[in-house]
Every structure is written in structure tokens, then in C-alpha cells.
Amino acid sequence: MSFSLPLRPQVPAHICRSCLVRISSSPRRTISSKIAKEQIAKERTAKEHLAKEHIAKEQTAKEQTAKEQTAKERTAKEQKSNATLPSTPARTRFAPSPTGYLHLGSLRTALFNYLLAKSTGGQFLLRIEDTDQKRTVADAEERLLKDLRWAGLQWDEGPEVGGPYGPYKQSERSAIYREHAQQLLDSGHAYRCFCSAERLHALAEHKHKLGLATDYDRTCESMPQAESDERAHRREPHVVRLRVPDQYPAYKDLVYGTFRPLRRRGHVAEASFEDPILLKSDGLPTYHLANVVDDHLMRITHVIRGSEWMPSTPKHMALYTAFGWTPPLFAHVGLLVDEAGNKLSKRNFDTDMAAFQDMHILPETLTNFAALLGWSHREKTDVMTLAQLASSFSLKFTKGNTTVTFGKLHFLQRKHAHQRAQTGGPGLQDMVSTLVNTLTSAESPYPASQWRSLAGADPAPYMEKLVLADAENYTNANEFLYRNAFLLAPLRPCTTRKLTPDTPADVVEGARALASVPAEKWERDALVHKVREIIDARPQGKKGGSEVYHYLRLALSGQETGMRVYDMMLILGRDETLARLGVDGEGV
């Protein structure tokens with residue numbers, strides 16, 4: 001198709017000027033200009049559409065960002081709220097099983113519950129969960145009580161103390177558990193199961209082969225009540241199971257926030273129900289029933305325990321719902337693991353309290369160390385006594401597991417030993433007693449004939465001087481004595497000369513001036529004054545002071561580093577100091 005070009009209109013020669021202007025200004029539309037305008041319109045429409053899409057995306061992004069920010073703020077607010085201590089006194093408990101001894105992980109659990117109670121003016125309860133008679137260790141309960149007291153965690157209610165909600169041993173509360181199991185049977189929240197162990201084993205194997213959870217199939221759940229009562233009356237072996245709901249109730253964890261368990265999924269052909277056992281065939285309760293009943297009857301408000309119990313918490317919440325009770329608040333703290341991420345065990349230092357006591361770790365050191373494992377505080381120092389921990393306590397726990405390294409333990413040991421030395425009293429005397437026992441034991445590498453010449457027949461006062469002078473380096477009694485072994489045996493100049501071949505002669509000679517300090521004035525100020533005189537008398541003056549101190553340290557201890565020089569002189573006394581310097585004690 002072709003188009004002819006438009007021709008200019010032909011006008012007569014006599015046309016007026018105004019008409020000529022009107023004719024010349026008339027629109028001249030061509031096919032090409034029309035197409036161009038349509039194209040421009042389309043582009044404009046497309047741009048407007050793109051602009052609208054961009055604005056919509058920006059709006060959506062802003063809304064999403066706002067939602068995320070709100071969620072973050074809500075989470076932060078919730079975490080801050082969770083970390084805040086309750087405004088009313090908390091009742092907490094530590095409920096160990098005497099199937100083993102108190103170890104670092106269980107000490108930390110007891111400690112957190114103790115600190116929460118003490119920081120809110122509440123009560124800390126001790127309850128012995130001894131229903132597993134087959135695994136009970138003979139002396140475990142006695143050791144538990146002893147170790148808790150050693151750590152300073154004295155309970156307000158519990159064994160040997162009593163209280164209004166006893167007894168505090170589960171083996172003495174069997175009638176209470178049977179009564180509450182009957183309540184659940186009567187309300188329809190529990191049922192008796194008469195299945196034999198053989199049937200349950202076969203059922204579990206069958207489901208395992210199908211790749212299914214080895215839960216119960218509720219064979220006995222539909223048994224008529226009359227038949228169940230009759231078989232129970234005939235003392236036919238049975239257990240009592242909880243009839244769990246299709247959906248466990250949600251609960252708020254003070255560490256992890258709101259926890260919503262997944263809805264139970266069924267199977268087309270195989271019925272499967274968790275339905276945990278509450279009462280065993282011997283009439284004793286399982287952990288689930290006894291734990292919930294005891295916490296309710298003992299009015300526990302807060303439960304701090306390890307995260308390994310989180311899978312059991314939905315069952316416990318279902319029990320609280322079945323009984324119509326208000327549950328306590330839960331805080332699940334992470335596990336203690338080694339640097340490889342393995343849970344602590346006896347093979348990797350999760351030893352019982354006796355091991356720490358044998359290492360002469362101070363109780364305040366261990367509680368301080370345990371408190372810092374997964375707990376955050378705002379204090380300027382990590383070194384805190386039990387009372388200071390209680391006053392600084394909050395529920396700000398670390399999510400996830402906590403890696404345990406023992407460098408911090410040794411650091412805290414030195415700090416708390418130094419505090420004991422400064423404070424004096426029973427704490428200092430306890431350290432002195434430990435040192436004396438280590439020094440005088442049959443396995444001691446320090447001959448009595450040597451240390452008696454320095455410390456005398458009773459080494460206690462001498463050991464006290466050592467602690468007061470060097471407590472900031474105390475890690476345990478053995479290492480402390482080894483570090484200061486030069487104070488437990490005589491050293492003489494022959495040894496010193498071999499160690500100081502390059503010592504300037506004027507330093508060796510100048511040190512003899514210490515003999516001018518009489519015995520009655522052998523005190524720190526007099527010694528400091530005399531050493532400064534020795535330094536000032538040298539040609540180098542104060543610049544040569546380091547050579548004087550270096551020589552004195554080597555001469556008195558045979559070591560390059562260690563205790564302060566003036567402390568050595570005071571502990572050794574005038575005669576031994578001068579003897580090590582090779583100086584006649586009568587004066588110069």
C-alpha cells in the first residue's frame with residue numbers, strides 16, 4: 001500500500017490576509033504523525049504501569065521491612081521481658097536423682113534455681129527424685145546434700161530441713177501419685193494399659209521396620225471402664241497412660257520464647273499415639289507424673305532446667321491442662337559441651353564435685369565459674385561471690401549450648417584466693433589448712449627436715465605468710481607449694497653464683513649492706529629504704545636498679561620470676577636472707 005503526500009491547498013489570488021492566515025494554520029495530519037503519537041501514548045502507558053508496579057513493590061518492601069522490624073522489636077521486647085526477674089518471690093527447686101553424684105552440669109542447674117529464688121526473696125527447694133530404685137547409688141543422696149552445702153547452696157525446704165509441703169523424697173510420696181493418677185482415670189484423661197511387655201516389644205519392632213515412631217497403638221484405650229476396673233481389681237499387671245491430645249498446648253519458654261508443638265500426624269494404616277506412661281506396673285510414678293504433681297503441690301513458680309528436657313515439656317503441659325492447673329514458668333538452658341561440641345561427660349571433665357574438691361578448687365570459684373556458663377550479666381567484672389551473683393542475677397540466658405574451657409576456672413581461682421587473703425578469717429584459714437595438709441602428707445615431696453628449719457615445727461603461721469604474699473597466684477595447694485618451693489628448703493650462695501655469673505661485682509658487694517638492717521627493724525619500710533640506698537650508690541643510679549632486683553631475686557629464690565623480693569625477705573627472715581646472700585649475719 002502507498003500513500004500520496006498531502007498537497008498545499010490552492011487559493012485564489014484575491015483572498016484576504018485573514019483568510020490566508022486561517023487556511024495556513026489549519027491542521028496538517030499525516031499517517032506517520034498519527035502512528036508516532038500512538039506509539040508515544042503506548043510508551044507513556046507502559047511507563048505509568050511500570051511506575052505503578054515499582055511503587056507497589058516499594059510499598060510491599062516497606063511493609064515487609066516494617067513487619068520484620070516490628071517482629072524484631074517484639075522479639076527483643078519479649079526477650080527483655082523474659083530476662084526480667086519476677087516481681088514476686090519465686091519458688092524454685094532442684095530435683096536430682098540419686099543415681100549418680102552432683103557434677104558440673106547439675107551444679108549449674110541447682111545454682112540458677114538458687115540464684116533466682118534468692119534474688120527475688122523467694123525459696124529454694126531440694127527434692128530427691130528416687131523412684132528409680134534399680135539405678136540408685138547407695139551413697140549418692142548423702143553426697144548430694146554434702147556437695148550442695150559445700151558449694152553454699154543451702155536449701156530452704158527439703159531433706160534434713162523439712163517444710164510445709166513434704167515429704168521431699170518421691171519414694172515417700174507414692175500414695176499421692178496414685179491418688180492423682182486415679183483423678184486422671186476418673187476424668188478420662190488417662191487409661192489403664194494391660195498390654196504385656198512382649199506385645200509392646202513386638203509392636204515397636206513392627207513399627208520400626210515400617211520407619212514409623214514406635215509409639216503405642218491405644219489397644220487398651222477403648223476398653224470398657226467396667227472391664228478395666230475389674231482387671232485392675234484382680235491385680236492384673238498394668239500401667240496408667242496419659243491420653244495425649246492431637247495437639248499439645250503451646251507454652252512460653254523464658255529463653256526460647258513461645259513454643260508451639262507440631263500437630264500429631266496420623267498414618268493411613270498404622271495408628272500411633274505417644275500416650276506416655278504415668279504410673280508403672282509396680283505402682284511407682286514415672287518422672288512425668290511425679291514431676292508435675294510435686295511442682296504443683298509444692299507451689300513451684302519457676303523451673304530452670306537443661307534443654308534436654310524440652311521434648312518432655314509438652315507432655316508436662318498436657319498434664320497440667322488435664323489436671324486444670326496453672327503450670328510454672330519454664331526456662332531451658334543449653335547443654336554444656338566441650339570444644340568439639342560433645343556433651344560433657346566424665347571423659348571430658350564433667351566430673352563430680354569430689355574431683356574439684358580434690359583439686360582444691362574453692363567453692364566460690366566453682367559457683368562463679370558455673371554461673372558464667374550460659375548466663376550474661378552487666379557487671380564490670382566476672383569475679384563474683386555467691387551473694388554478688390544473687391544481687392546481679394537475671395534470666396538472661398544464652399540460647400544454644402555453652403562451650404566449657406577451664407582457663408576461666410583457673411583465673412577465677414586466683415582472684416577468689418586473693419580475695420580470701422585480703423578478707424582473712426575462716427576462708428584464709430581454710431587455705432592455710434589445705435596447704436599444711438598437703439605439705440605434711442605422706443606423699444609430700446618436701447622433706448620435713450628441710451622445711452622445719454624455715455617454718456618451724458608448726459608450719460601453719462609460715463604457710464599463712466606465703467598465702468598473704470602470693471595468693472593471687474594460688475591455683476591449688478600442690479602447684480602453690482611447687483611455685484614457692486624455694487621457701488621450703490635452704491638455698492646457699494654456691495647455687496646462686498652459678499645462676500648469676502654475669503652479675504656486676506658491685507651489685508653482689510652492695511647487697512651485703514642489707515646486713516646493716518638489725519633484726520628488730522627487719523620490716524618492709526626499712527628493707528625498701530636500704531635497697532634504694534644500694535641502688536643509689538651505684539654509678540648508674542636508678543637506671544641500674546633492675547640489676548640489683550634481678551640479683552636479689554635469683555639469690556633468694558633461684559628463679560627468674562615469682563614472688564616480690566621484699567615478701568621473700570620478710571618470709572625468710574633476716575638470718576636466712578643474709579645466708580642466701582652469703583653475708584655474715586653480724587653486720588658489715
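In which strand does Thr403 lie? In this predicted model, Thr403 belongs to strand 11. With a relative accessible area of 45%, Thr403 is partly exposed. Leaving aside residues up to four places away in sequence, Thr403 touches Val337, Asp338 and Glu339. The chain also brings Leu344 into view here: 59 residues separate Leu344 from Thr403 along the sequence, and their C-alpha atoms are 9.3 Å apart.

The loop that precedes strand 11 leads to the aromatic residues. A pair of aromatic rings is described by the distance of the centres and the angle of the planes. Across the whole structure, a search finds 13 aromatic pairs. One of them joins Phe112 and Phe397, whose ring centres are 4.9 Å apart; the planes meet at 50°, so the pair is tilted. Phe112 sits in helix 3 (residues 104-119), while Phe397 sits in the loop between helix 12 (386-392) and strand 11 (402-403), so this pair ties together parts that are 285 residues apart in sequence. Phe112 is buried, at 0% relative accessibility, and Phe397 is also buried, at 9%. A further tilted pair is formed by Tyr474 and Phe480, with 5.4 Å from centre to centre and 50° between the planes. Both of these residues, Tyr474 and Phe480, are buried. Returning to Phe112 and Phe397, ring pairs link these two with Trp375 and Phe393 into a cluster.

Aromatic rings also meet charged side chains. The charged end of Arg143 is placed over the ring of Tyr101, at 4.0 Å from the ring centre. Likewise, Arg241 lies over the face of Tyr216, and here the distance to the ring centre is 4.1 Å.

Helix 5 offers a good look at how a helix is packed in the model. Spanning residues 174-187, helix 5 has 14 residues, and at 1.5 Å a residue it should span 20 Å; the C-alpha atoms at its ends are 20 Å apart, in agreement with that value. Which residues of helix 5 are buried? They are Ser174, Tyr177, His180, Ala181, Leu184 and Leu185. Viewed down the helix axis, the buried residues fall within an arc of 150°, so they line one face of helix 5. Their packing partners include three strands, namely strand 3 (190-193), strand 4 (239-242) and strand 7 (277-279), together with helix 8 (287-297) and helix 9 (313-323). Just after helix 5 comes Gly188, which takes a positive phi of about 85°.

Strand 3, one of the elements packed against helix 5, also takes part in a charged contact. The structure holds 33 salt bridges, and one of them pairs Asp229 with Arg192, with 2.8 Å between the closest N and O atoms. Asp229 is in helix 7 (residues 225-233) and Arg192 is in strand 3, so the bridge ties together parts that are 37 residues apart in sequence. What is the burial state of each partner, buried or partly exposed? Asp229 is partly exposed, with a relative accessible area of 35%, whereas Arg192 counts as buried at 11%.

Another salt bridge joins the side chains of Arg420 and Glu364, at 2.6 Å from N to O. This pair links distant parts of the chain, with Arg420 in helix 13 (residues 407-423) and Glu364 in helix 11 (residues 363-371), 56 residues apart. Arg420 is buried at 11% relative accessibility, and Glu364 is buried at 18%.

Helices 16 and 17 are linked by a salt bridge as well. Arg483 and Asp470 form this bridge, their closest N and O atoms lying 2.6 Å apart. Arg483 is found in helix 17 (residues 477-483) and Asp470 in helix 16 (residues 460-470), a separation of 13 residues. Burial sets the two partners apart: Arg483 is partly exposed, at 27% relative accessibility, but Asp470 is buried, with a relative accessible area of 2%. Beyond such individual pairs, salt bridges that share partners join Arg93, Arg127, Glu129, Arg173, Asp294 and Asp295 into one network.

Definitions and conventions. Residues are numbered from 1 along each chain as its sequence is written. This is a predicted model: local features need pLDDT of at least 70, side-chain atom pairs count only at pLDDT 80 or more; totals for chains, interfaces and linings use all residues. Side-chain values use heavy atoms; hydrogens and water are left out. Rings of Phe, Tyr and Trp (its six-membered ring) pair if their centres lie within 6.5 Å; planes under 30 degrees apart count as stacked, over 60 as edge-to-face and the rest as tilted. Helices (H or I, at least four residues) and strands (E, at least two) are DSSP runs, numbered from the N terminus. Buried means under 20% relative accessible area, exposed over 50%, partly exposed in between (1.4 Å probe, protein chains only). A charge sits over a ring if NZ of Lys or CZ of Arg is within 6 Å of the ring centre and within 35 degrees of the ring normal. The expected span of a helix is 1.5 Å times one less than its number of residues. The arc is that of the directions from the helix axis to the C-beta atoms. Contact means heavy atoms within 4.5 Å. A salt bridge is a side-chain nitrogen of Lys or Arg within 4 Å of a carboxyl oxygen of Asp or Glu.
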